[in-house]
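Subject: Structure handover

Hi,

Here is the structure I promised to pass on. Please load it before you read the notes underneath.

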Amino acid sequence: MPSTHVDLALEGMTCATCAGRIEGALATVPGVTATVNFATERASIDIDGVTDATDLIAAITKVGYGARVIDRDERETEPPVDPVLTARVVVSLGLAVPVLLVSMFPELQFDGFQWLAAALTTPVVTWAAWPFHRAAIRNARHGATTMDTLVSLGVAVAYLWSMYALFFTMAGVIGMRMEMPLFGYAPHALYFESAAVVTAFVLLGRLLETRSKRSARESLTALLNTAAKSAVLLVDGREVSVPAGAVQTGDVVVVLPGGIVPADGTVIEGASAIDASAVTGESVPVPVGPGSKLIGGTVNAGGRLVIRATAVGAETELARLTRMVEEAQAGKAPIQKLVDRISRVFVPLVVALAIGGGILWFSATLDVTRSISVAVTTLVIACPCALGLATPMALLAGTGRGARSGIIIRGTDVLESTRRVTTIILDKTGTLTSGHPTVVDVAVDGVSPDTVVSSAARVEMGTDHPLARAVVAEATTRELMAETAKDVTVEPGRGVTGSLGSLRVRAGSLEWLVESGTAVPSALAVAASTWVAAGRSIVAVAHDDRLVGIIAVSDVVKPSAIEAIRALTKLGIRPIMASGDARAVADLVAREVGIAEVHAPFSPSDKRDLVARLRSEGHVVAMVGDGINDAAALAEADLGIAMGHGTDVAIESSDIVVVSRDLRRVSDAIRLARATLGTIRGNLVWAFGYNALAIPIALAGLMGPAIAGIAMALSSVFVVANSARLSAFRTS
Amino acid sequence: MSTTDFGVTGLTCNHCVMTVSRAAALVPGVTGVSIDLVANGQSTLHVESDTVVDTAALEKAIDDAGYELVH
């Protein structure tokens, strides 16, 4: 059957329940597997069979929502962010360019050019610049001044002064030619081009900023995958598949191999292993049997389980963790934008200088027009044209560079925290280690290690236990795999027995073999106790009634971890490890990667409390993690970094996502974010700098109209060129 | 294995969907349940079963849950 993939853009969703409804509607279409993302308003659908998109859209329309197909081009090239913003940018740029040309070059000036400039500038400073005026008025009500105030003020003053000059001075006379002296009093000076170009550039900056934010969100969307939403209820011995939400406390539920446990519960029947790494941070899947308690959201890594639900919905452990994340996020104050912080000081200062300068001029000369002109030119020159580009250009270059190396930076606020980070807390499982159990050592008695691994693998081949899988993987690497053993029987949670020819092979826990009377050679007993102390898991192997070897299985440190910790230390950041695993396991890993401070075993709330405590002591804390158990700490931290392939909650709670599993990308991410912030600061210094340098000239009454143009050009070119340097950033 | 569709009225939100799914799941012979919600209108209940569903039992189950099966 043909298999296809369709992406739909959805309309009309108001809450997560709506997403569930649409998912339900799509699931009823034959051959369809669909996931709906509420945040991005997208449905991702796999179709097996002949159903086409119209059937899907019909199913969605039927439940009261709108949908349309997104084609490949649209997915790859961004759809216009905000049509109105785009229109404002296009119109203001289109009108500002002729105004600029005609104002700057006397050769291009014709009779009445100043009236045309006025006509072209009017829609720019009114309609296009409206968002700035609106924000400035809103700020003024609270006595605040932001970048919007600066832009609105600069644009309004330049425009109104020029209009006044046009109507009430000689500047409006047809046939007037505007000269562009660098210095000196120009009585006919008009500043239409300043008003128009500042508006156009700042708007362009806004557009670039939304785009970079959106592309970061898009990359994020690709990472998020929604967990299965259905459950299998056991009713009078029948299995009935229902939406996961229909499960109630006390229900008996079947969890199939590979399935997600739909609610917190207790195992009634069956034996398996539960991969809880995403929820609890324990690296090795835990064997479970009747009586074991399960947490909803964990994955059944072994055989079929029958469980009784003990908590559903808001009462589950998972819901509790999610609430914790929400609380932590709500407590996090947004960082005020750098440019707004500068504006808060800069704007009142400039206004004071302009008024003071005007008053001084008036008291010295008693010339009203000249004095107002001084005040106005001061205000006009102070509004930096490149101001609007300073942040977005650097952000665009920085996030673009990051995306190429799988580093997703979620917005400007993040950059500030990366600069100040003093301490980094790293989760162990999946962050410092690979997260998959691997054979790390083999001890033998009387036979070769290969024989031990091979015979264990051949009896364990059919079992899906994670330790068994590690052994089989090792045998495959050593090229020892042969045909499976005969007469294999499994004793859940204990081990496996099988026949290789006349030899009876058993592989499983050491306790199990000892209980059945197997003698343990002293060398192997010593090795076993050392390994257990070091936090390794053991697979013991017996041939007939003789213990021939033991295999150590452990989660291994990522090759990149040691180098990454060194790189972080070099950045002046103190690494700390926090793990859900036992102390011995955590210590072993910490020693290997070179971390001195270890906290284990740590529950999700312990991790969050550690972050909170360090922050209250004045440290700026970054947290690196990938599981749901890390989510609260990620949200609480000044800087949350989620490692890729992490859980949705972890990714949602973080500020930076590192897609690769390579830990070195974490230090790269911090370096890149710092470099981006440095570039933004440099941009702002020069955006403000060129104009600030011109303020004394304006106050001296010597500013010619050309100064405004030159300051505009220099700062813009600088900002663009300086930002482009970020593309050359090197990862380690 | 076959799927039978029924109209159900009285559903307003996802909670109703859960309640009705559950009620239908408990009817003998049913192996799978899903619902297309039409809030305040006629929603569609898809019932999977190995044998023919006992419509009377289903109707009673839905009725007991506080909703109505439409013929």
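Below is what I found, going from the overall fold of chain A to single residues.

**Overall**

Please keep in mind that this is a predicted model. Chain A has 732 residues, and 49% of them are buried. Its secondary structure comes to 25 helices and 26 strands. Now take the contacts in chain A with a separation of 6 or more: 70% of them link residues 24 or more positions apart.

**A covered helix**

Start with α11 of chain A, which spans residues 368–382. From the first C-alpha to the last, this helix of 15 residues reaches 21 Å. That is close to the 21 Å expected at 1.5 Å a residue. α11(A) is also mostly covered, with 11 of its 15 residues buried. The buried set takes in A:S371 and then runs from A:S373 through A:V374, A:A375, A:V376, A:T377, A:T378, A:L379, A:V380 and A:I381 to A:A382.

**Strand pairing**

Next, look at β7 of chain A, residues 252–255. It pairs with β5(A), residues 230–235, in the antiparallel sense, over two bridges. Here A:V254 in β7(A) stands opposite A:V232. β7(A) also runs antiparallel to β13(A), residues 305–311, and four bridges join these two strands. In that pairing, A:V253 has A:I307 of β13(A) as its bridge partner. In a regular strand, side chains alternate between the two faces of the sheet.

**Nonpolar cores**

In soluble globular proteins, nonpolar side chains tend to be buried together. Which residues touch the most other members of the largest nonpolar core? They are A:I22, A:A390, A:I656 and B:A24, out of 206 residues in that core. Helix α24 of chain A, residues 664–699, gives the most to this core, with 16 residues.

A:I656 is worth a closer look. Leaving aside neighbours within four places in sequence, A:I656 is in contact with A:I407, A:I408, A:I409, A:R410 and A:V414. Its other contacts on that basis are A:L639, A:I641, A:A669 and A:A673. A second, separate core has 36 residues, among them A:V453, A:A456, A:A475 and A:A552.

**Where the chains meet**

How many residues of chain B are in contact with chain A? There are 20, and they meet 21 residues of chain A. On the chain B side, α1 (14–25) and β2 (30–36) each supply at least two residues. β2(B) gives the most to that side, with seven residues. By class, the chain B side has 12 nonpolar, six polar and two charged residues.

**Two residues to check**

The first is A:G689, which lies in helix α24 of chain A. Is A:G689 buried or partly exposed? A:G689 counts as partly exposed, because it has 17 C-beta neighbours inside 10 Å, and a buried residue needs 20 or more. A:A711 is 22 residues away along the chain, and the two C-alpha atoms are separated by 9.0 Å.

The second is A:E563, found in helix α19 of chain A, residues 559–570. A:E563 is partly exposed because 17 other C-beta atoms lie within 10 Å. Its C-alpha is separated by 8.1 Å from that of A:V593, which is 30 residues away along the chain.

Best wishes

Terms used
Residues are numbered from 1 along each chain as its sequence is written. Chains are lettered from A and ligands numbered from 1 in the order in which they are written. This is a predicted model: local features need pLDDT of at least 70, side-chain atom pairs count only at pLDDT 80 or more; totals for chains, interfaces and linings use all residues. A residue is buried if 20 or more other C-beta atoms lie within 10 Å of its own, exposed if 12 or fewer, and partly exposed in between; C-beta atoms are placed from the backbone. Two residues are in contact if their C-beta atoms, placed from the backbone, lie within 7 Å. The expected span of a helix is 1.5 Å times one less than its number of residues. Two strands pair if DSSP finds at least two bridges between them. A nonpolar core is a set of buried Ala, Val, Leu, Ile, Met, Phe, Trp, Tyr and Cys residues joined through C-beta atoms within 7 Å. Ala, Val, Leu, Ile, Met, Phe, Trp, Tyr, Cys and Pro count as nonpolar, Asp, Glu, Lys and Arg as charged, and the others, Gly among them, as polar.
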